[in-house]
Amino acid sequence: MEKKCSIRLFLAGLFISGALCLGIGFFAGNHRTQRSYEERIALLKQQNENLLAMQREAEERAQLAESMNLMEPCEYILLEEEGYVAVYYADKTTLYAVTDIRMDALPEDLQAEISQGKTIQDEAQLYNFLENYTS
């Protein structure tokens with residue numbers, strides 16, 4: 001009878017030890033897996049932030065390129081001078097000519113453009129403007 005009791009105690013101890021080892025192994029593996037998931041999530045967040053930064057930078061470059069393409073080189077600038085339209089070279093300091101076109105005789109939207117500095121690309125466009133608005 002004593003042998004049966006010892007065997008039962010031995011088997012119970014073995015069973016409890018095995019269960020304990022399995023439980024520890026499960027929790028340790030689960031903890032390691034959880035840590036690797038957290039590391040992956042942090043890495044993915046960083047990659048996402050990098051991609052968003054690259055996308056913003058590309059959009060800014062595209063906007064800059066577009067704005068540079070929109071700016072056409074000009075030779076002349078029309079400005080208001082004492083109520084008349086004056087033609088300056090592109091540097092806005094060298095006077096090309098003062099016209100006899102009165103500002104108040106022009107449409108309001110054109111007056112606003114000239115007040116801001118209306119750009120004229122070439123001599124042909126300048127003469128076309130002068131012909132249209134000279135009385």
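In this predicted model, four strands make up an open sheet, and their order across it is 3-2-1-4 with antiparallel pairing. The edge positions belong to strand 3 (95–102) and strand 4 (118–120); each has a single partner strand, so one side of each is left without a neighbour in the sheet. From one strand to the next, the twist averages 30°.

Let's walk through the sheet pair by pair, beginning with strand 1 and strand 2. Strand 1 covers residues 76–81 and strand 2 covers residues 84–89, and six bridges hold this antiparallel pair in register. You can follow the pairing along strand 1: Tyr76 has Tyr89 of strand 2 as its bridge partner, Ile77 is bridged to Tyr88 in strand 2, and Leu79 sits opposite Ala86 of strand 2. As you look along these residues, keep in mind that side chains in a regular strand alternate between the two faces of the sheet. The hairpin that links strand 1 and strand 2 has two residues between the strands, and Glu82 in this hairpin adopts a positive phi near 55°.

Moving outward from strand 2, we come to strand 3. Strand 2 and strand 3 run antiparallel and are joined by four bridges. Tyr88, which was the bridge partner of Ile77, also stands opposite Leu95 in strand 3. Elsewhere in strand 2, Tyr84 faces Arg102 of strand 3. The hairpin here has five residues between the strands, and Lys92 is the residue with a positive phi, near 65°.

On the other side of strand 1 is strand 4. These two strands also run antiparallel, joined by three bridges. One place to look is Leu78, whose bridge partner in strand 4 is Lys118.

Now add the helix that packs on this sheet. Helix 3, residues 123–133, lies across strand 1, strand 2, strand 3 and strand 4, and it runs at about 25° to strand 3.

With the sheet in place, step back to the whole chain. The protein chain contains three helices and four strands, and from the N terminus on they follow the order α-β-β-β-α-β-α. The radius of gyration is 41 Å, well over the 14 Å that the globule rule gives for 135 residues, so the protein chain is more spread out than a compact globule. The box filled by the C-alpha atoms tells you about the outline too: along the principal axes its sides are roughly 130 × 25 × 20 Å.

Finally, have a look at helix 1, which takes in residues 2–70. Leu14 has its place in this helix, and together with Ile7, Phe10 and Leu11 it makes a nonpolar surface patch of about 430 Å². Further along, Arg61 and Glu57 form a salt bridge, with their closest N and O atoms 2.5 Å apart. What separates these two residues along the helix? Arg61 and Glu57 are four residues apart in helix 1, which means that about one helical turn lies between them. In total, the model has three salt bridges when a side-chain nitrogen of Lys or Arg must lie within 4 Å of a carboxyl oxygen of Asp or Glu.

Key. Residues are numbered from 1 along each chain as its sequence is written. This is a predicted model: local features need pLDDT of at least 70, side-chain atom pairs count only at pLDDT 80 or more; totals for chains, interfaces and linings use all residues. Side-chain values use heavy atoms; hydrogens and water are left out. Patches are made of residues with over 30% relative accessible area and no salt bridge: like charges are joined within 9 Å, nonpolar side chains (Val, Leu, Ile, Met, Phe, Trp, Tyr) within 5 Å. Accessible areas come from the Shrake-Rupley method with a 1.4 Å probe; for residues, only the protein chains shown count as cover. Two strands pair if DSSP finds at least two bridges between them. Axes are lines fitted to C-alpha atoms, for helices over the stretch in contact, and angles run from 0 to 180 degrees between N-to-C directions. Contact means heavy atoms within 4.5 Å. The radius of gyration is taken over C-alpha atoms; the globule rule is 2.2 Å times the number of residues to the power 0.38.
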